Structure formats: structure tokens, C-alpha cells
Amino acid sequence: MERPIKAALAGAGAFGLKHLDAIGNIEDVKVISLVGRELDKTKEAAAKYGVAHVTTDLAETLNLPGLDAVILATPTQMHAAQTIQCLEAGKHVQVEIPMADGLKDAEAVVAMQKKTGLVAMAGHTRRFNPSHQYVHKRIVAGEYGIQQMDVQTYFFRRTNMNALGQPRSWTDHLLWHHAAHTVDLFAWQCRAPIVKANALEGPIHPTLGIAMDMSIQLKAENGAICTLSLSFNNDGPLGTFFRYIGDTATYIARYDDLYTGKDDKIDVSKVDVSMNGIELQDREFFAAIREGREPNASVADVLPCYQVLGALEKQLKTG
């Protein structure tokens with residue numbers, strides 16, 4: 001494929017705009033369509049980023065001449081169906097995390113990818129953050145082994161707002177969205193499947209209908225363990241913070257930045273071509289399309305994460 005890849009973005013919210021910023025740094029990719037729920041806001045975003053076509057209908061975009069690929073940054077509950085819709089239309093697709101909010105739907109996505117042979121990738125960004133890549137390279141080189149990961153995922157979301165402080169049209173979920181980051185990352189860093197998983201959840205919010213607090217324990221086949229604490233009730237520093245406790249070092253990862261266990265910053269600027277995990281994720285997607293290969297974080301590759309989440313959901317429902 002010598003010509004520029006023609007891409008579309010569905011979802012003009014806070015995270016969709018991050019993808020538009022990232023794609024602006026990637027050569028030979030042109031966004032030709034923007035799909036959004038609210039037409040006026042979508043037109044505003046399209047004007048800012050120079051996108052010619054705007055619609056509220058994904059099917060309309062999928063019919064555009066020359067369209068190669070779609071990035072889905074839409075509400076979680078739409079991810080699986082829209083991914084399958086894109087694949088059925090013959091388009092490569094990257095779907096933001098999670099690729100589904102249930103195991104059956106995740107399996108359906110993987111089955112459709114195998115049927116079409118197209119590139120289908122899930123937005124498991126932690127695999128691409130320079131901080132986690134730095135640790136991964138040491139693991140692959142045999143210089144580092146994880147003994148324990150201690151992870152905190154903390155937000156303050158007692159009302160249904162997005163990252164820009166705007167009202168959301170959908171409800172986020174600690175297990176199927178935020179825990180997915182850590183469950184996948186833990187197995188990827190350990191280079192071993194998860195063999196034990198336990199979960200506890202706090203009270204269900206009376207309006208949002210979701211658990212606002214959750215605790216998860218994981219054990220990998222190689223013996224490493226992970227403790228994950230998640231909350232939408234945290235009135236303090238927000239985000240996800242990873243502590244790697246290993247056999248030769250302790251690391252603290254805060255998104256794209258990395259620190260020693262004593263909080264000294266580590267230079268990870270040379271780990272990859274960018275310090276932006278979203279950009280690196282998008283670069284992998286488009287490179288896989290050009291090279292005709294399976295991408296890192298393909299839907300098939302991350303399916304074991306969703307199998308663990310499905311088991312945890314069953315455990316929580318049965319008590």
C-alpha cells in the first residue's frame with residue numbers, strides 16, 4: 001500500500017481527540033471521516049483537525065470510497081458490535097479498550113477477525129507506554145523478573161463525567177474497562193498466563209448502577225502475583241500507578257513516565273520514537289496494516305485478558 005492510509009475515527013469525545021492528535025504525528029495516514037453522536041460537536045472537532053466528512057452514522061462512513069481503516073473510540077457498550085460491523089465491511093479496525101464488555105462478545109470479535117483476515121487490534125495502551133516498554137525490554141533480555149505488581153487505578157467519578165469534565169452518554173466500568181488494562185499488562189509482562197484470579201467489589205452506586213470500588217488479585221503461571229485496587233470514589237491524585245517489584249529492581253510507572261522505587265525519574269525518551277503511548281499504539285496499528293502482519297495487542301492476542309475478566313465477573317455475580 002503505497003498511497004496514504006485513509007482512516008476514519010468514530011467517537012469525537014475526549015479519547016477520540018487524543019487519537020486525532022496522535023495521527024497528526026504519523027506520516028502517510030489521512031483521516032477522511034469523523035463519526036460522532038452529536039453532529040454539531042463532531043463538526044467542530046472535524047473543523048479543528050481538517051477532516052472533510054462528518055456524520056453520526058458509522059455505516060455511512062464505511063461506504064466512503066477508499067476507506068482502509070477505522071479507529072473506534074465510542075462508548076464501551078458499542079465496541080464489539082461496531083468492530084464486527086467494520087470487519088464485515090472489509091475495513092481494518094482498532095477498537096479502544098475494552099474490545100467488549102462481555103466474554104461472549106469478545107470471542108465473537110476474534111472469530112470475525114479470523115474469518116476476514118483483516119487487522120483488528122484492541123487499544124491496550126499500557127503495552128505501548130514507554131515506561132512499560134522499558135520494563136518489558138529488560139524482561140525479554142533476561143535482566144529482570146517480576147515478583148509482584150501493585151497497581152492503583154483511582155478516579156473520582158460519583159457523577160457520570162468524561163475526562164474533559166463533560167457529561168457522558170454511557171457508564172464506565174471498573175472491571176471491563178479499567179481492570180482490563182492491568183490484567184492484560186500483568187500477563188504480557190510476566191510472559192505467562194494468569195492461572196488464579198479473585199475479585200471483591202464494594203456497594204453498587206444507586207444511580208450509576210455500577211460498583212464504585214473493586215479489589216482484584218492475580219497469579220501468573222510463573223508464580224508472580226498482582227494486587228489491583230480500583231476506585232471511582234477517590235478524591236485525590238487520579239490515574240493508574242504501577243509498582244513493579246522485581247528480582248533486580250523496583251519501578252514505578254505513571255503512564256508514559258517511569259521512576260525507581262525511590263522515586264528517581266528514569267529517562268525513557270529513547271525507548272521508542274515517541275513519548276506518547278497513544279501515538280505509539282496508533283503507529284503499531286497502521287504499521288501492521290502496511291506490513292500485512294498481526295499487531296501487538298491484536299484482538300486474538302488480548303482475548304486471554306477477557307477470559308479472566310469473564311471469570312471474575314462470574315465470581316462477583318455468584319458471590
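This briefing walks through the sheets, the helices packed on them, and a few side chains worth a look. Keep in mind that the model is predicted. There's an open sheet of 6 strands with parallel pairing, and another open sheet of 8 strands where the pairing is mixed. Helices H2 and H8 pack on the 6-strand sheet, while H6 and H9 lie across strands of the 8-strand one.

**The parallel sheet**

- The strand order here is E3-E2-E1-E4-E5-E6. Strand E3 (53–55) and strand E6 (120–123) sit at the edges with a single partner strand each, so one side of each has no neighbour in the sheet.
- On average, neighbouring strands of this sheet are turned by 20° against each other, direction ignored.
- E5 and E6 are paired in the parallel sense over 4 bridges, and Glu 96 stands opposite Gly 123 in E6.
- H2 packs on this sheet by touching E2 and E3, and its direction makes about 160° with that of E3.
- H8 lies across E1, E2, E4, E5 and E6, and runs at about 160° to E5.

**Helix H1 and what covers it**

- H1 spans residues 14–23, and its buried residues are Ala 14, Gly 16, His 19, Leu 20, Ala 22 and Ile 23.
- The cover over those buried residues includes four strands, E1 (5–10), E2 (29–35), E4 (69–72) and E5 (92–96), plus the helices H2 (39–49) and H8 (277–291).

**The mixed sheet**

- Reading across, the order is E8-E9-E10-E7-E11-E12-E13-E14. The edge strands are E8 (194–201) and E14 (265–266); each has a single partner strand, so one side of each is left without a neighbour in the sheet.
- E8 and E9 run antiparallel and are joined by 7 bridges, with Ile 216 in E9 as the bridge partner of Ala 199.
- E9 and E10 are also antiparallel, joined by 7 bridges, and Met 214 stands opposite Leu 230 in E10.
- The hairpin of E9 and E10 has 4 residues between the strands, and Gly 223 takes a positive phi near 100° there.
- Further along, 5 bridges join E11 (residues 239–246) to E12 (residues 250–254) in an antiparallel arrangement; Arg 243 has Ile 252 in E12 as its bridge partner.
- H6 (residues 130–140) lies across E7 (146–154), E11, E12, E13 (257–260) and E14, at about 150° to E12.
- H9 (residues 299–318) lies across E8 and E9 (213–220), at about 40° to E8.

**Two faces of E9**

- In a regular strand, side chains alternate between the two faces of the sheet.
- E9 shows that alternation: Met 214, Ile 216, Leu 218 and Ala 220 point to one face and are buried. Asp 213, Ser 215, Gln 217 and Lys 219 point to the other face and are not buried.

**Aromatic rings**

- Searching the whole structure turns up 5 aromatic pairs. For Phe 285 and Phe 286, the ring centres are 5.1 Å apart and the planes are at 50°, so this pair is tilted.
- Both rings' residues count as buried: Phe 285 has 0% relative accessibility, and Phe 286 has 3%.
- Tyr 134, Tyr 144 and Tyr 251 form one aromatic cluster.
- There's also a charge over a ring: Arg 254 lies over the face of Tyr 259, at 4.6 Å from the ring centre.

**Ser 231 and Arg 37**

- Ser 231 is found in strand E10 (residues 225–231), and it's buried, with a relative accessible area of 6%.
- A polar atom of the Ser 231 side chain lies 2.9 Å from the backbone nitrogen of Asn 233.
- Leaving aside neighbours within four places in sequence, Ser 231 is in contact with Thr 153, Tyr 154, Phe 155, Leu 174, Met 212 and Asp 213.
- Arg 37 is found in the loop between E2 and H2 and is exposed, with a relative accessible area of 57%.
- The side chain of Arg 37 makes a polar contact with the side chain of Glu 38 (2.9 Å).
- Arg 37 and Leu 9 are 28 residues apart in sequence, and 12 Å apart in space, C-alpha to C-alpha.

Methods:
Residues numbered from 1 in each chain as written. Predicted model: local features only at pLDDT ≥ 70, side-chain atom pairs only at ≥ 80, totals over all residues. Heavy atoms only, no water. Buried < 20%, exposed > 50% of the residue type's maximum accessible area, 1.4 Å probe, protein only. Contact = heavy atoms within 4.5 Å. Phe/Tyr/Trp six-rings, centres within 6.5 Å; stacked < 30°, edge-to-face > 60°. Lys NZ or Arg CZ within 6 Å of the ring centre and 35° of its normal. Pairing = 2+ DSSP bridges. Axes fitted to C-alpha atoms, helices over the stretch in contact; angles between N-to-C directions. Polar contact = N/O pair within 3.5 Å; in protein donor to acceptor, adjacent residues only side chain to side chain.
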